[in-house]
Amino acid sequence: MWEEVVDRIVRFIRDRVERANANGVVVGISGGVDSATTTFLCVKALSRDRVLGLIMPEMGVTKEEDVKDALEVCKILGIKKRIIYINPMVSAFLKNLDRGSDIAIANLKPRIRMIVNYYYANTLNYLVAGTGNKSELMVGYFCYDEKTRVLTTEGLKTYKELKLGDTVFSLNPNTGKVEEVPVKAVYIFNYDGEMISIKDKRTDLLVTPNHRMLVVNRSGKIVFTQAVEFLNKRHSIPIPTPWDGYTDSDYIELSKFVDQSCLYHNANVLPERMPTEEFFYLMGLYIGDGTCTIYEVEAMRKTTLSYSEFLNFRNERGRFISPDKYRCERPVRYKAHSVYFSIPKGDKARESLINTLETLDIRYRAYRRFVRINSKALYEIFKQCGTNAKNKRIPRWVLKYPADKLLWLYKGLTDSDGWYYRNYQTISRQLALDIVELCAKLGMHATISVREPRIAEYNGKIIRSQESYLITVANKIRTTSIYPERVSKVYYRGVVWCPDVPLYHNLLVERNGKFTFCGNTKYGDGGVDFLPIGDLYKTEVFELAKFLGVPERIINKKPSSGLWVGQTDEGELGITYVKLDTILKALEEGYKPEEIPEKFNVSIEDVKKVLNLIEKSKHKRETPPIVRLRDLIRHSSSSSIR
């Protein structure tokens, strides 16, 4: 068994390093079994030349035997090492800070070690390998099932595809608005136990019982609560309010897309700038019913003589004479750039299209079945939206605009292929996802349902439709209510995963076409890039360490994070790792707390202690409250402008 475990962890380490294009890994080696085991695994995965061991003792606190054991690990493996005493750094902090409590000073030290880890990692282009095990992580990690995906600026991604630095959409609980933020890390575990299933017409989630759910409390504030609480009473999941955007302008500058001064003198030259709102409305109509084409045109034009013809025009002395008066008509081929709107007479959007074109001063030709515009400038802009129904999309630069501008784009979309401002249908998967993002930024909630291809017969011919996507929009609600009858406990065995998304620790996830803003892991003090032994309980780490050949002295000594003299992990927890792991495994397998003592030979006090440890970790998961001031500032700014 342990050979398979090692093989899987080794492949995991290699994959993380390769995906990040990193040169190696940094491991903080404490002299304990977790860091030693992690270092052994990293060397197996990458070779000794690509692993740096950082030994960061605190003089007077760290045991001398721990430093010796850490050095012994480096010697056995032959890796590079640095010994950095953190006393001067601790002193520098305390010298410039007021005297804090013993706990505050103790917690300062692991954060300093994290800073040192990342200093060397950034210098060498290495990743930081975490040394946390599952016994530590289960009191602070909250996971999705493997079917849950994340909406990013590059589309939907699974846990295998999501990577460090990907941009996702997070809800600011203080403003209620969407923000674009980068992913800090992705943690992946194997899981065998109870999950919470939440299903209604707008929500579909399968999460661990301790998962952080984003909800609106009775005071109207957006806060976190555990998924297991949904079994007992109704909860309201927030829907964003319209966002502010990252770029804004009342006009679209066409010079950014094409230099119209280079066009033919008789070309359809557009105004240098166009009002953003009307232009976005036109773009929405194009995305729904438009297409771009380039075709060759042949026309008779007056033109000068060719070079060979010009040579014949000389006077009696043999000198060339001006052939201007000899200009003649000849056929000339050139490329025409056209934009078509397939909006026939009588269509609900026809009159709006014509009015918008005339407002924007764009020359057009209207036919019974379509409207055509010959314009290279418009072609260059609209081709970014796709040239046919299958590849339609909303350009990313457009989605950076604030809600009041994006609303015009939404109106154009719904006037073309939508109805009642609540539904939109497309065969473009990318456009469907873009509309979900658009709705989130407009303060609406959208779901996607897939319509399978259909086969029909018409006049003896078989007609097969394409797969399409129906986007259903709820545009007049502020929350989604989840009732207990829509929530259940289910057994799950498979991969669970947790993204880390600072600053607000939530993101927009999708499952079966339903999108929800939901919480994610916040890995308190242990800033790392990946966790090789994160799916092993502490007692299992001991077994793996023996298999790898970690020195027995390291395996047998009492685990300690060295926060103060005489500190041990079990002493601080108030329970042995054997009992802790037994209770955590039982909870993970779905046993009720009252069933565990008799079944697993532990006391009810120990079970309560573990439950309390889980509960106490909530403080690391709360978003700092902020007083709302934007309405006052905007009002003040508006008054001063007047």
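These are my notebook entries on helix α1 and the cavities of a predicted model.

**Ground rules.** Residues count from 1 along each chain as its sequence is written, and side-chain values use heavy atoms, with hydrogens and water left out. Local features need pLDDT of at least 70 and side-chain atom pairs pLDDT 80 or more, while totals for chains, interfaces and linings use all residues.

**Helix α1.** I took helices (H or I, at least four residues) and strands (E, at least two) as DSSP runs, numbered from the N terminus. I checked the length of α1, residues 2–19: its 18 residues should span 26 Å at 1.5 Å a residue (times one less than the number of residues), and the end C-alpha atoms are 26 Å apart, which agrees.

Next I looked up burial (buried is under 20% relative accessible area, exposed over 50%, 1.4 Å probe, protein chains only). W2, V6, I9, V10, I13, R16 and V17 are buried in α1. They cover an arc of only 130° around the axis (directions from the axis to the C-beta atoms), so they sit on the same side of α1. E3, E4, R8 and E18 are exposed on the other side.

The buried residues of α1 pack against β1, α2, β4, β10 and α13. After α1 comes N21, with a positive phi near 55°.

**Cavities.** I counted three cavities of 30 Å³ or more (on a 1 Å grid over the protein atoms alone, sets of points where a 1.4 Å probe fits but cannot get out). The largest holds about 120 Å³, as space filled by probe spheres set on the points. Its lining (an atom within 4 Å of a point) has 16 residues, with H445, L508, F515, T516 and F517 nearest the centre. β30 gives the largest share of that lining, three residues.

Methods. Contact = heavy atoms within 4.5 Å. 1 Å grid on protein atoms, 1.4 Å probe; cavity = no way out; pocket = protein on both sides within 12 Å on 5 of 7 lines; lining within 4 Å.
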